[in-house]
Amino acid sequence: THMLAEKKVKPESQTFTVAFGRLDYRGAATLEVTVADAVSKKICGKKDMKVSVVPTPRPKTGEVFITEEGDTLIDGKKFMPLGFYTSLGRDGKHDLEKTKRELKRIRDAGFNTVLEYWNTTYEARNVSDYYDILKANGLKLLFNFSGGYKGEVATHVARARRQLDAGAPLLGWYILDEAEFTHLPALRALRRGLNELDPGHPTWQVNIRDIEPFLDVADVLGGDHYLVGKGQGCLKHMDKYMRLAASCKPATMWYCPQCFNWANYTKSLLNDREKYIAAEPEPELNQLLAIALLHASHGVKGFIFYMYDDIFTGPVPELYARRWADVKEVARTMKSLEPFVLSTEPREILKPVDAKGKTRAVVMRDGTGGARVLVLGLDYANEATFTLPDDCRGLVSTFGNCRIAGDRVTFTGGLVSCDLLQPGPTGREWEDEKLLHLNKEPPCAAF
């Protein structure tokens, strides 16, 4: 045993970065981390991590690389994951024609990624048929290993190898879905096994518990906050959680905005129209977008909506077309913000004066002179005023929740609310345009 390198660094806020430079060694190693008080020299904590010293990665065609800035690169080009969870193979049902129709609809709506919960259905037949459909539609796959804390790592790695051999158009491996603390050792082992097999595709977690203990179980941090319905939570606690997530400086973050009605998860309601309508509020467009915009305001660079099938579920089929139009509008908005989401320009946090509740206002810039302002109502009822920077003058309200007079903005919004200040159209023109898209939408069949 010998020391390869040693570095002393000062923390940056709550994190620190260490650059060892080039090492004349390749292979397994142990990274020893010691945190000590700079003045008293008292040791506050120690941790050892098993690592591999390897050459600088050079991604192959189609592989994924996460930059120091948190951008996802595929073949050297920036990529913003924008997709859905799907259950097209639910309960072992195998219908390739239906799969083709649904994936084409997802593609046509501007999405680029899917996470199929029931990948085992396609694996039980000829999984390459499913992968060919994904590739024909230009869709990337987050492969579902969310039960990966069960069983042997070697078994999971062998399964992953089969997907690579079958030509899966991978974005990454999904290895954690709201797991428990007791699953941490198994998840760390799974991450290492997949990283060693396939360093060209990151592992991704969706965690709803304390962030710090889960940071080392996946390459990409994610989470979900489904606030509309089920007790109607406000954005305030989600904002606090997202601030903590961002302060941990993960490699990058892909989060899961809501696009479902909680009533879909009470079986007794699915055959009773009146009880279904009364049980939970139907998420509105402004609410769906508020969750995604709050994610973006904290530096999230990928958005995987939960969940596609739910848009076309429930005993009120006349809701399906409206839901799909709303989700498409959210996708169109997030796609329009892609240059700002992927920009290296720092976000500017404005300082609203709150008359009621709590409001968050963030300026995002694209590095070429463009600016957008994201405004979020964090409490149950919100009213605030703030001043626009010079480069944001002339932007208009998308939803009409902001009144703008020169550089002064007054925001008024209720529970889970937002506005987006951008160059036209005005809110009324925008609503007319959305209705035009809705009128062109073909009928949506139930799942």
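Here is a short chat about side-chain contacts in this predicted model.

Colleague: Before we start, what kind of model is this, and what pLDDT do local features need?
Modeller: Residues are numbered from 1 along each chain as its sequence is written, and side-chain values use heavy atoms, with hydrogens and water left out. The model is predicted, side-chain atom pairs count only at pLDDT 80 or more, totals for chains, interfaces and linings use all residues, and local features need pLDDT of at least 70.

Colleague: How many aromatic pairs does a search of the whole structure find?
Modeller: Rings of Phe, Tyr and Trp (its six-membered ring) pair if their centres lie within 6.5 Å; planes under 30 degrees apart count as stacked, over 60 as edge-to-face and the rest as tilted. Searching the whole structure that way gives 28.

Colleague: Take Tyr-117 and Tyr-306: stacked, tilted or edge-to-face?
Modeller: A ring pair is described by the distance of the centres and the angle of the planes. For Tyr-117 and Tyr-306 the centres are 6.4 Å apart and the planes stand at 75°, so the pair is edge-to-face.

Colleague: How many residues apart are those two in the chain?
Modeller: Helices (H or I, at least four residues) and strands (E, at least two) are DSSP runs, numbered from the N terminus. Tyr-117 is in the loop between β7 (113–116) and α2 (119–123), and Tyr-306 is in the loop between β12 (302–305) and α9 (319–336). The pair links distant parts of the chain, and the separation is 189 residues.

Colleague: And Tyr-306, is that buried or exposed?
Modeller: Buried means under 20% relative accessible area, exposed over 50%, partly exposed in between (1.4 Å probe, protein chains only). Tyr-117, at 22%, counts as partly exposed. Tyr-306 has 13% relative accessibility, so the label is buried.

Colleague: Which ring does Arg-105 lie over?
Modeller: A charge sits over a ring if NZ of Lys or CZ of Arg is within 6 Å of the ring centre and within 35 degrees of the ring normal. Arg-105 is placed 4.3 Å from the ring centre, over the face of Phe-312.

Colleague: Which residue meets Arg-105 in a salt bridge?
Modeller: A salt bridge is a side-chain nitrogen of Lys or Arg within 4 Å of a carboxyl oxygen of Asp or Glu. Arg-105 is buried at 18% relative accessibility, and its partner is buried too, at 9%. The two are three residues apart in helix α1 (residues 96–108), about one helical turn. With N to O at 2.9 Å, the partner is Glu-102.

Colleague: Lys-135 and Asp-132 also form a salt bridge; which helix holds both?
Modeller: Their closest N and O atoms are 3.9 Å apart. Lys-135 is partly exposed at 43%, and Asp-132 is partly exposed at 41%. They sit three residues apart, about one turn, in helix α3.

Colleague: How far apart in sequence are the parts tied together by Arg-393 and Asp-407?
Modeller: Their side chains meet in a salt bridge at 3.2 Å, N to O. Arg-393 is in the loop between β17 (382–387) and β18 (396–397), while Asp-407 is in the loop between β19 (402–405) and β20 (408–413), so the parts tied together are 14 residues apart.

Colleague: Last one: how far does α9 reach from its first C-alpha to its last?
Modeller: The expected span of a helix is 1.5 Å times one less than its number of residues. α9 has 18 residues, with 26 Å expected. Its buried residues include Tyr-320, Trp-324 and Met-334. The reach is close to the expected span, at 26 Å.
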